[in-house]
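Grab a pencil and work through these exercises with the model open beside you. Try each task yourself before you read its solution.

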Amino acid sequence: MNNSKSLNPDHRKVLKVMDGMAYEKPPIWMMRQAGRYLPEYRALREKAGGFLELCYTPKFAIDVTMQPIRRFGFDAAILFSDILVIPDALGRSVRFDAGHGPQLDPINVEDIANLDGSNFMDHLSPVIEAVEGIRAELPIETTLLGFCGAPWTVATYMIAGHGTPDQAPARLFAHAHPEEFAELLDIIVQSSAEYLIAQLKAGADAVQIFDSWASVLDEDQFDKWCIRPVAKIVQLVREQLPEAKIIGFPKGVGQYYSTYREKTAINMMGLDWAMPMSFAAELQKQGAVQGNLDPTRLIAGGRALDEGIDMILENLSSGPLVFNLGHGITPQTPIAHVEQMIKRVRG
Ligand code: CP3
């Protein structure tokens, strides 16, 4: 992978796409590319003893981040961490028991005033150290992405204490206690901006904001709790780093995608798979897009996979495109299918 002496940071293709460049063979990476579908991940997770131990031990986080780069040579690496390290660093301890998903003590109205940000960046210093270490190990042409969760998505886990199918607990909280909810989101906004700035200063080339639960809100609430907080994070980051490159991923928001891009001022839009390709192509006229293969095509492999890839390339590869899945890769995905995908995208 390091046979590339003539390359320099200007050759990081994902960044070029964010500036509007189109590649016939687009750069490729996968959401959740470091994870349980890889035997080397499962082995290291067992050695580390738990998921948060992986996140907070720089040598483990560096190694896990590098695993899919070593195996597949993706065009971008994404920092290995989780969106829930933010509530963890604010004193709402988060647990990841194998097979359970994340668990938190549900936050109530009174708890919000007591959120403790005094130790916030100290708590996250191993993650920032990992960013520096990853950049040092990555091939020079590979883009390094940092990330955080969007405030609304992070808040849904803080309020319910776990994942839910429709985020009814957080929606209800926002309607019943709008002032306290705004306060909670503002704390997450300030913390997330500080965290992203630290990642960018430590060597991340760009950052992605995961807004995985953006699709469950009505129009008024979507504007208040998704668009405005993300726009505020973008503004705070660019006050310190005017050139900061930011990817937004408001999963499943359909018609609202273009408003989201305009109002948040992100540089690239992550797309899910459940939209007409003609609509994706329209969105691409406003700027770079990333996506959007249905992850179940990657599990199925064969023709389902080839056809899904071709559909994206035919419709989107004449404009600025980063090839990705429309959501994270799942643990049951065969590694051979990932190889098949990369080969086809790279021709
Ligand atoms: O993409 C990457 O490779 C970087 C690492 C990354 C993880 N989580 C690692 C992880 C990233 C970017 C995330 C984002 C994340 N985390 C999101 C947004 C994206 C999305 O998938 O919607 C959300 C909602 C979370 C919260 C979270 N973390 C959930 C709901 C779960 C449990 C579900 C699951 O897949 O197990 C996690 C755990 C988690 N985060 C794992 C990994 C590799 C699995 C942990 C394990 O090893 O058991």
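Below are four exercises, each with a worked solution.

This is a predicted model, so local features need pLDDT of at least 70, side-chain atom pairs count only at pLDDT 80 or more, and totals for chains, interfaces and linings use all residues. Residues are numbered from 1 along each chain as its sequence is written, and side-chain values use heavy atoms, with hydrogens and water left out.

**Exercise 1: the core**

Task: find which residues touch the most other members of the largest nonpolar core.

Solution. Start with the rule: a nonpolar core is a set of buried Ala, Val, Leu, Ile, Met, Phe, Trp, Tyr and Cys residues joined through side-chain atoms within 4.5 Å. Buried means under 20% relative accessible area, exposed means over 50%, and partly exposed is in between (1.4 Å probe, protein chains only).

Next, look at the members. The largest core here has 130 residues, and Phe181, Leu184, Tyr195 and Met341 touch the most other members. Helix H11 (residues 178-202) gives this core its largest share, twelve residues. Helices are DSSP runs of H or I with at least four residues, numbered from the N terminus.

Now zoom in on Tyr195. Skip its neighbours within four places in sequence, and its contacts (heavy atoms within 4.5 Å) include Leu79, Val85, Phe120, Met121 and Phe147.

**Exercise 2: salt bridges from helix H4**

Task: work out which partners Arg71 and Arg70 have in salt bridges, and where those partners sit.

Solution. First, the rule: a salt bridge needs a side-chain nitrogen of Lys or Arg within 4 Å of a carboxyl oxygen of Asp or Glu. The model has 16 of them by this rule.

Take Arg71 now. Its partner is Glu40, with the closest N and O atoms 2.9 Å apart. Arg71 is in helix H4 (residues 58-72) and Glu40 in helix H2 (residues 39-48), 31 residues apart. Both ends are partly exposed: Arg71 at 35% relative accessible area and Glu40 at 24%.

Then Arg70. It pairs with Glu137, and the closest N and O atoms are 3.8 Å apart. Arg70 lies in helix H4 and Glu137 in helix H8 (residues 125-137), so the pair ties together parts that are 67 residues apart in sequence. Arg70 is partly exposed at 45%, and Glu137 is partly exposed at 44%.

**Exercise 3: one pair and one network**

Task: decide whether Arg228 and Asp223 are buried or exposed, then look at a salt-bridge network.

Solution. The side chains of Arg228 and Asp223 form a salt bridge at 3.0 Å, N to O. Check each end: Arg228 is exposed at 52%, whereas Asp223 is buried at 18%.

On to the network: shared partners join Arg12, Arg135 and Asp205. Arg135 sits in helix H8 and is buried, at 16% relative accessible area. A polar atom of its side chain lies 3.0 Å from the backbone oxygen of Thr142.

**Exercise 4: the ligand**

Task: find which residues are closest to the ligand and how much of the ligand the protein covers.

Solution. Count residues with a heavy atom within 4 Å of the ligand. There are 22 around it, and the closest are Arg36, Tyr41, Arg45, Ser212 and His327.

Now check some polar atoms. Side-chain atoms of Arg36 and Ser212 each have a ligand oxygen 2.6 Å away. For Asp82, a polar side-chain atom lies 2.7 Å from a ligand nitrogen.

Finally, the cover: the protein hides 88% of the 870 Å² of accessible area (Shrake-Rupley method, 1.4 Å probe) that the ligand has on its own.

Conventions:
Helix = DSSP H or I, 4+ residues; strand = E, 2+ residues; numbered from the N terminus. Near = heavy atom within 4 Å. Polar contact = N/O pair within 3.5 Å; in protein donor to acceptor, adjacent residues only side chain to side chain.
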